Amino acid sequence: VGIVPEVESPPSYLTAYEFLYFVAEIRKVDDINGRIQRWTEFFDLEGTRGTLCKDLSKGTRQKVMLSAAFLHEPKVLFLDEPTVGLDVMAARSLRKAIKELHDQGMTIFLTTHYLEEAAMVDGCTRLQAFWRLVVPLARPGIAATAVWIAVVTWQEFLFALAFTTTVDMRTIPVGMADFQGQFGIRYGELMASSVMVSMPIIVLFFFLQRWIVSGLAVGAVKG
């Protein structure tokens, strides 16, 4: 069994190599130097083998802990937030290694708050993780934003008035302003056009109201 806790660190008084050698001896690993060489190269730790663990960065200490867990190639591996503190390339290499070890028959328990990471470890590509996971979760926010943009754009007056030069190019809000003349207001035509201009937004809201309400409520309450 191999375990990598989220907040655990290697002993501060040992170098990275001494810690890995110590773990390998406890685990009775064959070809200790070969295994250490393999995983230190994999996690790019060659330059830190002689450095005390207390002088390593958080990400490098995490790499040392991961190397120690992989040394004896356990049948069962527990990883708690394994990519926290890792740089992008190291996290990508780790996900690839997890996938390869799983394909070789290793049982891996992984906890992570990165939904895309969990999906990719399960076999999704980055595009599949985005389409199957991120988009459904973001759908309420997308719907609420879409309706808000549609409302603001549909009723926009100032820019439409400034940039349209002919009657044929005028938008509905600009055209409605013509019903208010110097000597009176044509209330009938103004009210009729108001109803007509409101209908598309009402219809759009009718079809998207479920996502709009849930999108506006997300984050408003805890739990």
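How many bridges join strand 2 to strand 3, and in which direction, parallel or antiparallel, do the two strands run? The legends below refer to a predicted model, and the first of them gives the answer.

**View 1. Pairing of strand 2 with strand 3 in the predicted model.** Strand 2 covers residues 76-80 and strand 3 covers residues 107-111. The two strands run parallel and are joined by five bridges. One pair of bridge partners consists of valine 76 and threonine 107, the latter in strand 3. Between the two strands the chain passes through helix 4, residues 88-103. This β-α-β crossover is right-handed.

**View 2. Surroundings of serine 12.** Serine 12 lies in a loop, with strand 1 (2-4) on one side in sequence and helix 1 (16-26) on the other. Its relative accessibility is 39%, so serine 12 counts as partly exposed. When neighbours within four places in sequence are set aside, the contacts of serine 12 are Leu52, Cys53 and Lys54. Leucine 79 is separated from serine 12 by 67 residues in sequence, and the C-alpha to C-alpha separation of the two is 21 Å.

**View 3. Serine 193 in helix 9.** Helix 9 spans residues 187-217 and includes serine 193. Serine 193 counts as buried because its relative accessibility is 12%, and the cut-off for buried is under 20%. With neighbours within four places in sequence left out, serine 193 is in contact with Met176 and Phe179.

Definitions and conventions: Residues are numbered from 1 along each chain as its sequence is written. This is a predicted model: local features need pLDDT of at least 70, side-chain atom pairs count only at pLDDT 80 or more; totals for chains, interfaces and linings use all residues. Side-chain values use heavy atoms; hydrogens and water are left out. Helices (H or I, at least four residues) and strands (E, at least two) are DSSP runs, numbered from the N terminus. Buried means under 20% relative accessible area, exposed over 50%, partly exposed in between (1.4 Å probe, protein chains only). Contact means heavy atoms within 4.5 Å. Two strands pair if DSSP finds at least two bridges between them. A crossover is right-handed if, with the strands pointing away from the viewer, the path from the first strand over the helix to the second runs clockwise.
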